[in-house]
Amino acid sequence: MESKDNEKKKLKLKVSAINEGTVIDHIPAKSLFKVINILGLDKIENQITFGTNLDSKKLGTKAIIKVSDIFFEDREINKIALIAPNAQLNIIKDYEVVEKKIVEIPDKINGIVKCFNPKCITNHEKITTCFNVINKTPISLKCKYCEKITTAEQIRMS
Ligand code: CTP
Ligand code: ZN
């Protein structure tokens, strides 16, 4: 058994510490690139480092993303709750973790998810989906356009 300290050091070596910014930790390994997409990290100029398939006690494997000099709005970051419900945000200032936050599923979801109803207009025209979240665990979404419910098992990302 490795000590927690050793594990920490190894992780820090794999993805080095940042000076200022946001560390998004405990992302399911398979969801790394989806999170990058949802947050639009592929379109910004800031320094970003990330690692995936790292060992995690909680998840088995996990991914981590470190974005320098960006502090996200809660609204922005909560978008990832659907695909990374256990994600944890660490706000870093002057190399120290000054705040930890967990993501929370928002009350409304625009885009990201497809409506499960094959007849829904959002599946036939270029219309961004829009759902009211009627239950958070397990997640259940009501489409604004067709009023049909998309459940946790039916969720597909658009
Ligand atoms: N981190 C970083 N740069 C810093 C400080 C921390 O990239 N200057 C990263 C660490 O590598 C870690 C995360 O931010 O992935 C949280 O740091 P910390 O709270 O020190 O680690 P843990 O105690 O392991 O956090 P937790 O148990 O909440 O996962
Ligand atoms: Zn619909």
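**Entry 1. Surface and overall form**

I began with the surface: the protein exposes about 9900 Å², and carbon and sulfur atoms supply 50% of that area. I note here that the model is a predicted one. I then looked up burial and found that 40% of the 158 residues count as buried. Along the principal axes, the C-alpha atoms fill a box of roughly 55 × 35 × 20 Å.

**Entry 2. Secondary structure and contacts**

I listed the elements and obtained 3 helices and 9 strands. Read from the N terminus, their order is α-β-α-β-β-α-β-β-β-β-β-β. I next examined the contacts with a separation of 6 or more; residues 24 or more positions apart account for 58% of them.

**Entry 3. The largest nonpolar core**

Which residues of the largest nonpolar core touch the most other members? I found Ile24, Ile65 and Ile80 in that role, within a core of 34 residues. I then traced the elements that give two or more residues to this core: strand 1 (21-28), helix 2 (32-38), strand 3 (60-68), strand 7 (130-135) and strand 8 (140-143). Helix 2 provides the largest share, 4 residues. I also checked the domains, and this core draws at least three residues from each of domain 1 (14-102) and domain 2 (108-154).

I followed Ile80 individually. Leaving out residues up to four places away in sequence, Ile80 touches Ile24, Val35, Ile38, Leu39, Ala87 and Val103. I recorded a second, separate core as well; it has 6 residues, including Val23, Leu54, Ile64 and Ile92. For context, I note that nonpolar side chains tend to be buried together in soluble globular proteins.

**Entry 4. The shell around ligand 1**

I counted 15 residues around ligand 1, of which Ile18, His26, Lys66, Tyr95 and Lys100 come nearest. Helix 1 (4-14), strand 1, strand 3, strand 4 (88-93) and strand 5 (96-102) each supply at least two residues of this shell. Strand 1 and strand 3 thus appear in my notes twice, as they are also among the elements listed for the largest core.

**Entry 5. Polar contacts and burial of ligand 1**

I looked up three N or O pairs. A polar side-chain atom of Lys100 lies 2.7 Å from an oxygen atom of ligand 1. A polar backbone atom of Tyr95 is 2.8 Å from a nitrogen atom of the ligand. In the side chain of Gln88, an N or O atom is 3.0 Å from a ligand oxygen atom. Finally, I looked up the area of ligand 1: taken alone it exposes 600 Å², and the protein buries 79% of that.

Key:
Residues numbered from 1 in each chain as written. Chains lettered and ligands numbered in written order. Predicted model: local features only at pLDDT ≥ 70, side-chain atom pairs only at ≥ 80, totals over all residues. Heavy atoms only, no water. Core = buried A, V, L, I, M, F, W, Y, C linked by side-chain atoms within 4.5 Å. Buried < 20%, exposed > 50% of the residue type's maximum accessible area, 1.4 Å probe, protein only. Domains from an automatic or database assignment. Contact = heavy atoms within 4.5 Å. Near = heavy atom within 4 Å. Polar contact = N/O pair within 3.5 Å; in protein donor to acceptor, adjacent residues only side chain to side chain. Areas by Shrake-Rupley, 256 points an atom, 1.4 Å probe, with all protein chains shown as cover.
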